[in-house]
Amino acid sequence: TIDNTPLKDFEGLFEIIHLFESTNKITCKLLNGKSLGFYGKAILSRIKNNFTVELTVLKNLNPFFDRDFGKIEDFELQIQGIQYLIKDAHIISNSIKSNSIKSNSIKSNSTKVTVKFYTFQKNKSNFDYFSHLLILPSAEDISFPFYLEDTLSYKTKERCIMGLVSCTIDSFNFDLFIFSKEGKCYLAVDSTNEMELTIFQNYAYSILIGFGYITGSFVQNIGFYFSYDRHKKLQGIQVQGKRKSVYTLLSPIYKNPYGVFQNQDYHEKYYDIIRGLTSSELSKLCQLINDSEEIKVIILLILESCAATQIIQPAGFAVALEGFSAFIKKEIEKEREKSSPKLSSKILRDLKMVLTNNKEELGDSFDFFSKKIEQINQPANKDTLLKPFEYLKIPINELDKQTIDHRNDLMHGRDLKSIFEGKNNDRYRFSASLRLYTLLSALILKYVGFDNRVINHPKRSDSLNIATKEE
């Protein structure tokens, strides 16, 4: 039989990853320093998601000798035998500007500057066509099978591992997989097609956002990009500092009911019913994120809100709901224009003509009615927020509508005791936040074709002790 299990080769990569994962200082060689007015050794450090290099600057040979800010020219460092190009670097401190420097130090011929940057790379061009592999260290373990269907096995030179799912964007295929090394978890995105690095980075970012939303693990912080030619020879390396990772207990779906509810009846009822996202549905979600800047921002807002405080979280979810409702409204308008563009235009044209013919009689009221006609197809804000559920055929109950009605109170952090008498303000805010998250989950996943169950988080937590018939 033919073994079709994909092979993932990490040979030699972890020496590079472990070097830059460390927050220890690394002494490296400055290659083109003299031409820029730098000399001596460079000290490389990593602080959270960015890097700094301490450089010695020669007086009168570098315009930044007595400045404590500003962008500097690209320069090169040799780190453990590999030559890296540093781009878009900025000076963030200068020892000559420090109050702690003695007065006679200012007369010195050199000073120390600290330079901050987010990216350095072995390859000088991002526009060569290669296949690419992105590896990100994860602070938490991630279990694919609890969230995703179609989870496959892959093999390394040492073993076979369960934890790979395929994703397609714009007809390009990507493998998303997890692995562990020396007790640490890593998430990887591998392109099976050749493309420019910058294009791969955009696709990989969309995949990470989609995967982060589904699992509650949006892995970022630091990313390692490795570029290979068609002979699988390593041609380029790029290390990139990223935004802070988000890890949250909230996720739209979870395949194992034993991990969601304590009630044994729920375990038996849902065990054979609920499922995860298929590879096709994950691809549609990532394609949507890649194509729509609106959706990308909405899902990033949801992820950021998941990790926010109890005041900020429901406000973030409420804004996300308004954003998704606006997105659906545009979809509805597009469909309406396709189905009856001539009729709707004719009605508006006739109304404007009637208004113009009676302009003198209307007097000052003309502008008022004119604005009303322009807004004739714009529903009230509440109706706009309920429209997506109607459009996607998602039933909602009175508690859902009640929460949507008070989204402005949640958005502005108002005291809710006067609105919901007898209810604990913080507990209601928490419950309302979970309800908004659940409603968003239903909308987003239904839009990409998911036809199964999402977790009803307010029911799961039951923080208000409200007896409902919700599932």
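These questions and answers cover one pocket and one helix pair in a predicted model.

Student: Which element gives the largest share of the lining of the second largest pocket?

Tutor: The second largest pocket is lined by 18 residues. Two elements give two or more residues to that lining, strand S10 (131–138) and strand S14 (184–191). The largest share, three residues, comes from S10.

Student: How many residues in the lining of the second largest pocket are charged?

Tutor: The pocket has a volume of about 360 Å³, and the residues nearest its centre are Leu 7, Ser 131, Asp 190, Tyr 228 and Lys 232. Asp and Lys count as charged, as do Glu and Arg. Over the lining, five residues are nonpolar and five polar, and the charged ones number eight.

Student: Are helices H3 and H5 roughly parallel or oblique to each other?

Tutor: H3 spans residues 197–215 and H5 spans residues 279–291, and their axes lie 8 Å apart at an angle of about 125°. Angles of 65 to 115 degrees count as roughly perpendicular and those over 145 as roughly antiparallel. The angle of H3 and H5 falls in neither class, so the two helices are oblique.

Student: What is the handedness of the crossing of H3 and H5, and how many charged residues does their contact have?

Tutor: The crossing is right-handed. From H3, residues including Tyr 203, Ile 207 and Tyr 213 meet Leu 285, Cys 286, Ile 289 and Asn 290 in H5. By class, the contact has eight nonpolar and four polar residues. The handedness is thus right-handed, and the number of charged residues is none.

Terms used:
Residues numbered from 1 in each chain as written. Predicted model: local features only at pLDDT ≥ 70, side-chain atom pairs only at ≥ 80, totals over all residues. Heavy atoms only, no water. 1 Å grid on protein atoms, 1.4 Å probe; cavity = no way out; pocket = protein on both sides within 12 Å on 5 of 7 lines; lining within 4 Å. Points joined across faces, edges and corners; volume = space filled by probe spheres on them. Helix = DSSP H or I, 4+ residues; strand = E, 2+ residues; numbered from the N terminus. Axes fitted to C-alpha atoms, helices over the stretch in contact; angles between N-to-C directions. Parallel < 35°, antiparallel > 145°, perpendicular 65-115°, else oblique. Left-handed = near helix turned anticlockwise from the far one by under 90°. Contact = heavy atoms within 4.5 Å.
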